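Me: I would like to go through some of the labels used for this model and ask, for each, what justifies it.

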Amino acid sequence: MVYYIDNQLVYANCMGGIEMDSLYSVSSNESYYIEDKVDMNLLNTLGIYQGAVVFKKRSYRLGGPVLVEIDGRGIAVGKSIANKIIVKKVGE
Amino acid sequence: MAKCCNVIVDENVYELKNKILLMGNPNVGKSVIFSALTGMHVMSSNYAGTTVSYTKSNIKLEGEEFQIIDVPGTYSLDAVSSAEEVAVSFMQSGARVVVCVLDATNLTRNLNLALALKQFNVPTVYVLNLVDIAKRKGIEIDVDALSKELGGKVIETVAVKGVGLQELKDELVQMTTNKSTLVDGEVFDSNNDIWDESKKISEKCIKKVEHKQTFMDKLGDALIKPFPGILISILVMVLALVIIVFGGKGLRVAVFLPLINNGIVPIIQGFIQGFNLPSLLNNILIGEYGIFIIGLEWPLSLILPYVTLFYFVFTFLEDCGFLPRMSILFDGIMSKMGVQGGSLISLVMGYGCAVPSIIGTRNATTRKERIIISAMVCFAVPCISQSAALIALLSTQALWMGVAMILLSFLILFVVGLVTGKLIKGDIDPIVLEVPNLLIPEKKAYFKKIMIRLKSFLVEAEGPMLLAVVIAAVLKESGLLDAAATLFEPIVSGMLGLPSEAVIFLLLGVIRREMAVAPLLTMALTPLQIFVGAVVSLLYLPCLSVFGVLAKEFDTKVAVYIGVGTFTTAILLGSVIHFIGLLFI
């Protein structure tokens, strides 16, 4: 039982303490650091890798992708991947 | 990511000793440079992944024979996709020279590949392409500094306009005659290290200058915003349809019909009459429905005007960078059909011809998605030849019939997407797509591409078309057609409500899709019969070449499933429309 409570506590801490925002959910027209992401080679090579800075232009409705800008070049990333890319706002 | 997409490679090509490899990111202009160096035209477009296989051509430099190879574009050499595996194999097989093509508008990312290539220690010349667009975007690159950083000559080019290509040729001669010295490439541990190094280099070499956003930049941005992007996309598609349908009609009346009736046909008639053949044979060959008359009239005056305009419109949309933007806007809707937005390009291509469209699905990352798109194209996307015949058939009818046809085809598209998505297990990879620069296609390259497409249409269509016409004549004369008409009467007349001689459209439709429509043009049909005929021929079996490509790209099973599926759906839906129609008449 203690183990279970511990687990719950740890979980609660995580949710309350550290901001865990995905690229999909954060607001547009801001720059973000990539904190963590799914292991996908194509993302790395397009410039979406851990520690990189991306500028989010917008998310598209109806399950559409997120459009980010890297080095002035637009890249669309599907919703389900963008949901798994954890970001932190630059300057925070 | 699942590996499904096969790049077919003849292993012997690795053994060649005098290879010059053209390497670079997707959509940086490798194929344009290849065409310019070798005189051999390769299809290139303004989006990633046009070259899904490698292309080889020989050139002579100072008397020595070399093989230039246009390697499929890759972002890295990690060998995770089949294009990357091919790229790595080529590098490992040894080459005399590597031509590394860099996109000046996106230098940092392109340098990643350049640095990765350096690790193979092959003499390299760097081509800095698209410098004109870079200037438009206010990016100036210090070529000498870049050359120093990379340890190889850097040549600025605007490949589509031929700028800088002579210099590249001269450099290739230099490099292949003198043994060039090599700078050892640094080996990087991780993706991040390579990125850091690329950034360092581009910071040293790039000078951003103040620039005003040009009209094209603003339009490029607007096209990718939901508003007005979606509105513009729909307008562009409607405009494209109007240009093709009405323009094609005009072109047919003004140019192609006179050309056939007053030019080609009299010449052939004169030629054949010279042989003084018996009148029956004369009739079969050059009578009103003679093999040569129909065999020329259908492809040249009925189909070609529309094909011509389609390729004018499609090639423009393809090369200006519009389609990938549309893919992004419509990704949400496409995902409801079980595919991602990037596959929209393959679908649109299918309105030209299903064969390149199915081959183009190699860009999709999963087999599941490739099959879904191929099925959608086979079921509900009429190729341009068939569309032309359908336009001719429906243009005699009320406008609503054409509109109903288009809406019905979209509905079928949606249902086929949903059903195949359910039938095939597995997931689809979401979209990850780079937005290319928006640009006006370069005139010379644009017209050349259209000419190549029209030529290959004539070569590929004329033979089977004549064959189909000959088969039709033989069936008619031998009485086999009557036998088939009796045999299939329960289907053709009983279920579809068409005259029994209409069986010929089902027989010929196997050879080419427009032949599933054209015979209906010569029959006296009621509006309901015309609509049923149009729906059946839209859904009906794909042509022989499509079966070939389905079996080759996937397997016979997929080809058979699609064949049985399209045939059954065509007959069933045709019957349903026939019987519902009867209720209202």
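Me: What makes A:Leu46, A:Ile70, A:Asp71, A:Arg73, A:Ile75, B:Asn106, B:Arg109 and B:Trp195 the lining of the second largest cavity?
Reply: On a 1 Å grid over the protein atoms alone, a cavity is a set of points where a 1.4 Å probe fits but cannot get out, and lining residues have an atom within 4 Å of a point; A:Leu46, A:Ile70, A:Asp71, A:Arg73, A:Ile75, B:Asn106, B:Arg109 and B:Trp195 therefore line the second largest cavity. This is a predicted model, in which local features need pLDDT of at least 70 and side-chain atom pairs count only at pLDDT 80 or more, while totals for chains, interfaces and linings use all residues. Residues are numbered from 1 along each chain as its sequence is written, chains are lettered from A and ligands numbered from 1 in the order in which they are written, and side-chain values use heavy atoms, with hydrogens and water left out.

Me: How is the lining of the second largest cavity divided by class?
Reply: With Ala, Val, Leu, Ile, Met, Phe, Trp, Tyr, Cys and Pro counted as nonpolar, Asp, Glu, Lys and Arg as charged, and the others, Gly among them, as polar, this lining has four nonpolar, one polar and three charged residues. The space in the second largest cavity is about 40 Å³, a volume being the space filled by probe spheres set on the points, which are joined across faces, edges and corners.

Me: Why is A:Ser22 called buried?
Reply: Buried means under 20% relative accessible area, exposed over 50%, and partly exposed in between (1.4 Å probe, protein chains only); A:Ser22 has a relative accessible area of 9%, so A:Ser22 is buried.

Me: What makes B:Cys353 partly exposed, and B:Cys205 buried?
Reply: B:Cys353 has a relative accessible area of 25% and is therefore partly exposed, whereas B:Cys205, at 2% relative accessibility, counts as buried.

Me: How do you know that B:Cys205 and B:Cys353 are too far from the closest cysteine sulfur for a bond?
Reply: A disulfide is a pair of cysteine sulfur atoms within 2.5 Å. The sulfur of B:Cys205 is 14 Å from the closest cysteine sulfur, in B:Cys100, and is therefore too far for a bond. For B:Cys353 the closest cysteine sulfur is in B:Cys383, at 6.3 Å, so this is also too far for a bond. A search of the whole structure finds zero disulfides over all chains.

Definitions and conventions:
1 Å grid on protein atoms, 1.4 Å probe; cavity = no way out; pocket = protein on both sides within 12 Å on 5 of 7 lines; lining within 4 Å.
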